[in-house]
Amino acid sequence: MAYADLLPEEMRKQLIQRIAEGETAREQAIDVMTALQNHFGHMSDQAMLVASELLAMTPLELEELATFYNFIYRQPVGKYVIHVCDSAVCWMHGHESLMDHLLSRLKIRLGETTEDGLFTVLPVCCLGYCDHAPAMLVNRHIHGELTREKIDRILTRLAEEPHLPTGMK
Amino acid sequence: MYPQVLFANRKASRIATMEEYCRSGGYEALSLVVGKWTGKDVCAEVQRANLRGRGGAGFPAAIKWLGVPEEADYPRYVVANCDEMEPGTFKDRVLVHADPHMILEGMALTGYATGAEKGFIFVRPSYESSARILEREIQKARDAGYLGKNILGTDFSFEIVVHRSGGRYICGEATALLNALQGKRPNPVKPPPYPTVKGLWGRPTVVNNIETMANVPHILRNGAEWYQGLSRSSTSPGTKLFCVSGRVNGPGCFELPMGITLREIIEEHAGGLQPGCHYKACLPGGASTRYLTSEHLDVPMDFESVAAIGHRMGTAAIIVFDQNTCLVGATLNLTQFFARESCGWCTPCREGLPYLRDLLWRIEKGEGEEEFIPMMRAMCDQLWNAYCALAPGAASPVESLLTYFEDEVREHIRQKRCPFKT
């Protein structure tokens, strides 16, 4: 296993065991890619080769998945990936002006990462928190009933506490 | 307050424990049925109760189960759909956070009815907390003998695995979900063969929404007559989880009898419209249903009554719009959602949705032309040629916008701007 040797011993063993527990290796593709992008920061070309080796899938078969899903990042992303819901209920609750506020505060455009590598902002469809609209997800952690002030508080806290565990991307 | 069945143990601050679920009659259906009834008996009782699918289509659950051929090979599988990416819908999340063991018992019973020994719960990424709750509670149920090998000392074994999705709307479609679960690109597949004949790894597979499965233990424990008595409707039995969002005072998820009117749901249970807002329209079942106007407020919310007026109840996720919300803008937003979430596999959906989105965008920006209206109508008809239900669903808000709010669309075209923007 040439590429999989790039992983820490423990992580490699865990992934191999997890893959063995499924009905087929391929069934675990999303879980394995999620674990790898947490480790490498995103699904880099190198991470893709590791995944393809572990899962016994061709890089092309994996590419079909990696480029399809909203939560697999084939491009570099920040430490915190912010998915802002832009579907109907959040739209009705002022998603557009909140998105403008978020982007101007971070000084980036939609889809970009801040220079310090901390934040990436991406649009996402309905997150299923319409009773708490408008909502966004930061590394799969939900924040609802958003206001400009609340967004400011969240960003400040994340930027000021670099030692907090970042959770799952 | 109406009888609470699925939400009997719902609490404001925490998840019901397995002990609380058991005290309320939980896992009694499993001990009643397993090793004593045949799978066919279970199907028959659920068929008598006329339990209908809660994921949007309303297909009778027992008919689906009976689609698994008696002589079919083993292993067989059960999949609980907790993907729930229909805009406006959040009932599955609330249900997992209210009483997770009800879902697990329902899955085990579905497995028993169809001869399956393994189940998967397919969970979307934004419900990571639900996935963790389910994994934790599966282990508790296993330790207590309700899941795993030889359940309650019988020959029946059933395992449940939580499968995390990478996150795309199309994964909620049953055949796309099965592709996703097998690690393939989640394109829908046009049946036949149906998943109940050839599903996961070519084996018979039953896919049900988690709300559907959560009803099963109650039906088996209390009987079909009791279940029918919960409803106000003679054709759609049971209770339903209604999600209400948008311009209401108290958005939330409510367990109410099938057949309750839209007016009562919005005015009494969701606290009515926000101050200064008047009801203009709602989508009754997520983004892929048709707008209901104020003339529809007294329609009973059950599958047949909504179908009788040419609409669909969908997931019963009611998004309420007020007089100050531009429905061209709302429909543009919905169409943008569908265009982005289309898997791109078949032409009507891949090409037709961006076409509709662009026409709506131009109308909203004040660049609309009179001829766009018949062009949009024609494209809505074309969308029915798609492989799966995504494109016809996407046509619903557009087509109903043109049916009920054509004046509003024309006003955009005439004024060359959105009349709601000052």
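Modeller: Before we start, pLDDT is the predictor's confidence in each residue, from 0 to 100, and what we have here is a predicted model.

Biologist: OK, what pLDDT does chain B average, then?

Modeller: Chain B averages a pLDDT of 96, and 100% of its residues score at least 70. For the complex, the predictor gives an ipTM of 0.96 together with a pTM of 0.96.

Biologist: Let's go to the contact between the chains. How many residues does each chain put in?

Modeller: Chain B contributes 52 residues to the contact, and chain A contributes 33 residues. The area buried between chain B and chain A comes to about 3,500 Å², and carbon and sulfur atoms give 57% of that area.

Biologist: And how many salt bridges are there between chain B and chain A?

Modeller: The count is 3 salt bridges between chain B and chain A. In one salt bridge, the side chain of A:E23 meets that of B:K118, at 2.7 Å from N to O. As for polar contacts, 16 residue pairs are counted between chain B and chain A, with both residues at pLDDT 80 or more.

Biologist: Which element gives the most to the side of chain B that touches chain A?

Modeller: That is α13(B), which gives 7 residues to the side of chain B that touches chain A. Among the elements that each supply at least two residues to that side are the strands β2 (118-123) and β3 (159-164) of chain B, as well as the helices α7 (128-143) and α8 (174-181) of chain B.

Biologist: What kinds of residues are on that side of chain B?

Modeller: The side of chain B that touches chain A divides into 22 nonpolar, 17 polar and 13 charged residues.

Biologist: Switching topic: B:E45, buried or exposed?

Modeller: B:E45 counts as buried because its relative accessibility is 14%, and the cut-off for buried is under 20%. B:E45 is found in helix α3 (residues 39-49) of chain B.

Biologist: What does B:E45 touch?

Modeller: Leaving aside residues up to four places away in sequence, B:E45 touches B:W37, B:I219, B:L220, B:G223 and B:A224.

Biologist: Now chain A. Which residues of helix α3 there are buried, and what covers them?

Modeller: In helix α3 (residues 45-55) of chain A, the buried residues are A:A47, A:M48, A:V50, A:A51, A:S52, A:L54 and A:L55. What covers the buried residues of α3(A) includes α1 (9-21), α2 (29-40) and α4 (59-66) of chain A.

Biologist: What follows α3(A)?

Modeller: α3(A) is followed by A:A56, and the phi of A:A56 is positive, near 55°.

Key
Residues numbered from 1 in each chain as written. Chains lettered and ligands numbered in written order. Heavy atoms only, no water. Contact = heavy atoms within 4.5 Å. Buried area = accessible area lost by both parts, 1.4 Å probe. Salt bridge = Lys/Arg side-chain N within 4 Å of Asp/Glu carboxyl O. Polar contact = N/O pair within 3.5 Å; in protein donor to acceptor, adjacent residues only side chain to side chain. Helix = DSSP H or I, 4+ residues; strand = E, 2+ residues; numbered from the N terminus. Nonpolar A, V, L, I, M, F, W, Y, C, P; charged D, E, K, R; others polar. Buried < 20%, exposed > 50% of the residue type's maximum accessible area, 1.4 Å probe, protein only.
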